[in-house]
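Visitor: I have a structure to go through and would like some help reading it. May I put a few short questions to you?
Guide: Certainly; please show it.

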Amino acid sequence: MFFLRVHSVDVNHPLRFENVEFTTKNASVAPSNPNNPSPKFSERRGVTHLFRSKSHSSLPNTGSRSTLIFVLAVPNYVSFEEFIQFCGSRIDHVIELIFIRNDGMEDRYNVLIRLMNQLTADGFYCSFNGKKFSPGEAEICHILFLLSVEYTESAELAGTPPDGCTELPTCTVCLERLDPDTSGILSTLCDHSFQCPCVSKRTHLSCQVCRFCQQQDEKPTCSACGTLENPWICMICGFVGCGRYKEGHAVRHWKDTQHCYSLELSTQQIWDYVGDRYVHRLNQSKIDGKLGEMNSRCIPFGDCGSCACSEDSGISAALYSSKVETYYESLLIEARSKLESAIVEAVESAVTHKMQDIKSSLEKCIEDKNAVAEVNRTLIKDQEICRKKFKEIEERETASLRLRDEKILDLEEQIRDLTVYIEAQKTLNDITDSDGIKGGSLLPIPSRQSPPSNTRRYTKSGRRRN
């Protein structure tokens, strides 16, 4: 999905096309909704900055479509009226159409279109994306779906990528040189090969990168240190800096501005600092500096008089060299991909084995825990049985001690009674005056007060003695 930010201090200026014959009578210049004061067609000036999300593919798909579309780099020979006529009957489905001009790039302008619904937006995209603006010209219509558009008066804010996004070139030639997944441009009709008019037209015009690549009369130098070694040019703003193996001003420019796409002038290959890889799709001839497709249909060493490569025998060798470089680069990418896959598989295998070991250890721990729990239950049961037996033994011991104490008390009482009886008999035997006791009475010796149980036993023992 793409995001658009426009650095502009201007406002929308309504446009009226009185001399334009629309294809349908409903294509009015008045607002489609009376409650909406904004005009259907308007113009404003500003510098556009195009961004794309790093986490999603930029190719059109179900998740990247919207009702807001952006037409890139409409050539200046197509006037506003001609562009509206180019849209044909699809103009009826347009809610708002804004022509955006940049004062520094008078050779082209951009168009922002808001349509009624997703169905009409998809129809507009399928009808005009990749279609030539004019049969006799090479430029084609490039359309992108936008998630949002913002207008700001701050140049710094307009050039700052949103979170998780990176800025893309606004030149269609530079965009087409990137991979489709990076640029969002599926294909081109002319492939920008050799003496293609759409490339030659940019020699003296707006795109700094295209102009710089076509005009290399002097050796390019780093804008920061002036070195001639390994120059790179930023595809967003045209800054020329030296490579990371010299002073690294190109890398530093990326870190300062977040402009991640840089063209190596010596090899005409495009490097993505964020992805840390080459992302170019079209190469430029090392002989004459003209663009050529990496997957060109020309045979490197054959006789192809029908195309422009026959004009320069060195182009074939240069194109073949580019193909070889691309081939080995693809091998490196494939090897890196295989290495990453092997690393992922090894990590997954190690994680799987580790998880199995952890699972086995966990199962063993659970078994040990269950065994310990069973032993604990058995011990608790044995402890309860032992507690009951100890209580029974303690009760029996207490009863035995109580019976013993009772017997001891009974024996003591019997001994006391016998002692009293013996002393009484001895006293009677010692008395000589038998007549003195004839009329007397025998009184018992007072004893200690004893518990009722003892009294009961004494009475019983006395009863036995009597």
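Visitor: What share of the contacts with a separation of 6 or more is between residues 24 or more positions apart?
Guide: This is a predicted model. In it, residues 24 or more positions apart account for 69% of those contacts.

Visitor: And how many helices and strands are there?
Guide: The protein has 10 helices and 16 strands.

Visitor: How much of the protein is buried?
Guide: Of the 466 residues, 38% are buried. The accessible surface comes to about 27,900 Å², and carbon and sulfur atoms contribute 54% of that area.

Visitor: Let us turn to the sheet with β11. What is the strand order there?
Guide: The order is β11-β10-β12-β13-β14, an open sheet of 5 strands with antiparallel pairing. Its edge strands are β11 and β14 (277-278), each of which pairs on one side only.

Visitor: How many bridges join β10 and β11?
Guide: Those two strands pair in the antiparallel sense over 3 bridges. Within this part of the sheet, Ile233 stands opposite Val240 in β11.

Visitor: Which helix lies across that pair?
Guide: Helix α8 lies across β10 and β11, and it runs at about 120° to β11.

Visitor: Which residues of α8 are buried?
Guide: In α8, which spans residues 249-257, the buried residues are His249, Ala250, Val251, His253 and Trp254. Their cover includes β10 (231-234) and β11 (240-242).

Visitor: What happens just after the helix, at Gln258?
Guide: Gln258 takes a positive phi of about 65° there.

Visitor: A change of topic: how many disulfides does the count give?
Guide: The count is 0 disulfides, with a cut-off of 2.5 Å between cysteine sulfur atoms.

Visitor: Why is Cys242 not bonded to Cys225?
Guide: The closest cysteine sulfur to that of Cys242 is the one in Cys225, but the two are 3.9 Å apart, so they are too far from each other for a bond. A disulfide is a covalent bond between the sulfur atoms of two cysteines.

Visitor: Is Cys242 buried or exposed?
Guide: Cys242 is buried, with a relative accessible area of 0%.

Visitor: Where is the nearest cysteine sulfur to Cys260?
Guide: The nearest one belongs to Cys234, 8.6 Å away, and Cys260 is in no disulfide.

Visitor: And is Cys260 buried or exposed?
Guide: Cys260 counts as buried, because its relative accessibility is 0%.

Notes. Residues numbered from 1 in each chain as written. Predicted model: local features only at pLDDT ≥ 70, side-chain atom pairs only at ≥ 80, totals over all residues. Heavy atoms only, no water. Buried < 20%, exposed > 50% of the residue type's maximum accessible area, 1.4 Å probe, protein only. Helix = DSSP H or I, 4+ residues; strand = E, 2+ residues; numbered from the N terminus. Contact = heavy atoms within 4.5 Å. Areas by Shrake-Rupley, 256 points an atom, 1.4 Å probe, with all protein chains shown as cover. Pairing = 2+ DSSP bridges. Axes fitted to C-alpha atoms, helices over the stretch in contact; angles between N-to-C directions.
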